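Student: I am new to this structure and would like to go through it with you, one question at a time.

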Amino acid sequence: REEARAAGPLTGKKVVVTAGGTVERIDPVRYITNDSSGKMGFALAEAARELGAEVVLIAGSTQVQPPAGKGIELERVQSAQNMYDAVLRHFDSSDIVIKAAAVADYRPAVQADRKIKKSGDTLTLELVKNVDILEQLGRKKNGQLLIGFAAETNDLEHYALDKLRRKNCDLIVANDVTSEGAGFGTDTNIVHIYDANGLVQKLPLMSKQQTARRILELAAQRLPGAQG
Ligand code: CTP
Ligand code: CA
């Protein structure tokens, strides 16, 4: 049965959300990843759909099930490079791009095509830097509203604004992962949202669903042509 979708402030808009952690292969049976649960990205995808958007959800490794159904197109990816390629395919046609994914900063310099055999007492794995997806999008953007995330343990405002400027984002959502109820794996978050002029909003401890809704409402207000 076709579900009718209510019109909202994002009706007719395309929103790309990246979620989860990237997986960087060492060999066919081993990899490097991180603790990203995917919850914040998935909540953002659902909130965007609720506000009327067509959502493309690009997800790496996650601990929870992604939302599915009408209005959300799911693409699974592994590495940062895969995620970048997937985002680029949708970038020109998107209105809002939200980078909630925990992208690995480095990947193994070599991906062995056979299982690495045990040998000496030590093994050194050489890592090389991954593409910074958000920074590249910041350079390429032509009208898209770009939203980044910053998870920090200290000097939240300083690092968040530095990332926003370096990556040419329109908004950055920063959270202090050391505070109770915020960060990886939790169902709640405490975020501060900044734009190029500084603090826009401090959100109190709330569910990731509520946080996502507030972020998308703010984004909708900042789209070209939106009312005050
Ligand atoms: N990001 C990205 N590509 C990367 C690394 C990060 O697109 N290779 C994005 C993340 O999805 C997030 C933002 O950049 O939206 C900030 O990520 P974060 O890890 O906090 O910042 P880094 O620039 O990687 O700096 P550091 O890890 O040293 O704090
Ligand atoms: Ca990083």
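Student: Which element supplies the largest share of the shell around ligand 1?
Tutor: This is a predicted model, so the answer describes a computed arrangement. Helix 3 (133-140), strand 9 (145-152) and helix 4 (156-167) each give at least two residues to the shell around ligand 1. The largest share of that shell, four residues, comes from strand 9.

Student: How do the residues of the shell around ligand 1 divide into nonpolar, polar and charged?
Tutor: The ligand is surrounded by 14 residues, and the closest are Lys99, Val131, Leu134, Lys163 and Lys167. Sorted by kind, the residues of this shell come to eight nonpolar, one polar and five charged.

Student: What percentage of the area that ligand 1 exposes when taken alone does the protein bury?
Tutor: Polar backbone atoms approach the ligand in several places: a backbone N or O atom of lysine 99 lies 2.7 Å from an oxygen atom of ligand 1, and a polar backbone atom of valine 131 is 2.8 Å from a nitrogen atom of the ligand. Isoleucine 133 also has a polar backbone atom 3.0 Å from a nitrogen atom of ligand 1. Taken alone, ligand 1 exposes 570 Å², and the part of this that the protein buries is 76%.

Student: Where does ligand 1 sit, and which residues of the UniProt "binding site" feature does the lining there take in?
Tutor: Ligand 1 sits in the largest pocket. The unreviewed UniProt entry places the feature "binding site" at Asp105, Lys115, Phe149, Lys163 and Lys167. These positions span 63 residues in sequence and their farthest two C-alpha atoms are 37.5 Å apart, so they do not all gather at one spot. From this set, the lining of the largest pocket takes in Asp105, Phe149, Lys163 and Lys167.

Student: Which loop holds lysine 115?
Tutor: Lysine 115 belongs to the set that the UniProt record lists under "binding site". Its place in the chain is the loop between strand 7 (106-108) and strand 8 (127-129).

Student: In which loop does asparagine 168 lie, and what is its phi near?
Tutor: Another residue to set beside it is aspartate 155, in the loop between strand 9 and helix 4, where phi is near 45 degrees, a positive value in a residue other than glycine. Asparagine 168 lies in the loop between helix 4 and strand 10 (171-176), and its phi, also positive in a residue other than glycine, is near 60 degrees.

Conventions
Residues are numbered from 1 along each chain as its sequence is written. Chains are lettered from A and ligands numbered from 1 in the order in which they are written. This is a predicted model: local features need pLDDT of at least 70, side-chain atom pairs count only at pLDDT 80 or more; totals for chains, interfaces and linings use all residues. Side-chain values use heavy atoms; hydrogens and water are left out. A residue is near a molecule or strand if one of its heavy atoms lies within 4 Å of it. A polar contact is a pair of N or O atoms within 3.5 Å; within protein, one must be able to donate a hydrogen and the other to accept it, and residues adjacent in sequence count only if both atoms are side-chain atoms. Accessible areas come from the Shrake-Rupley method with a 1.4 Å probe; for residues, only the protein chains shown count as cover. On a 1 Å grid over the protein atoms alone, a cavity is a set of points where a 1.4 Å probe fits but cannot get out, and a pocket is an open set with protein on both sides within 12 Å along at least five of seven lines; lining residues have an atom within 4 Å of a point. A molecule sits in a cavity or pocket if more than half of its atoms lie within 2 Å of its grid points. Ala, Val, Leu, Ile, Met, Phe, Trp, Tyr, Cys and Pro count as nonpolar, Asp, Glu, Lys and Arg as charged, and the others, Gly among them, as polar. UniProt positions are given in the numbering used here, feature names are shortened, and annotations may be inferred rather than shown by experiment.
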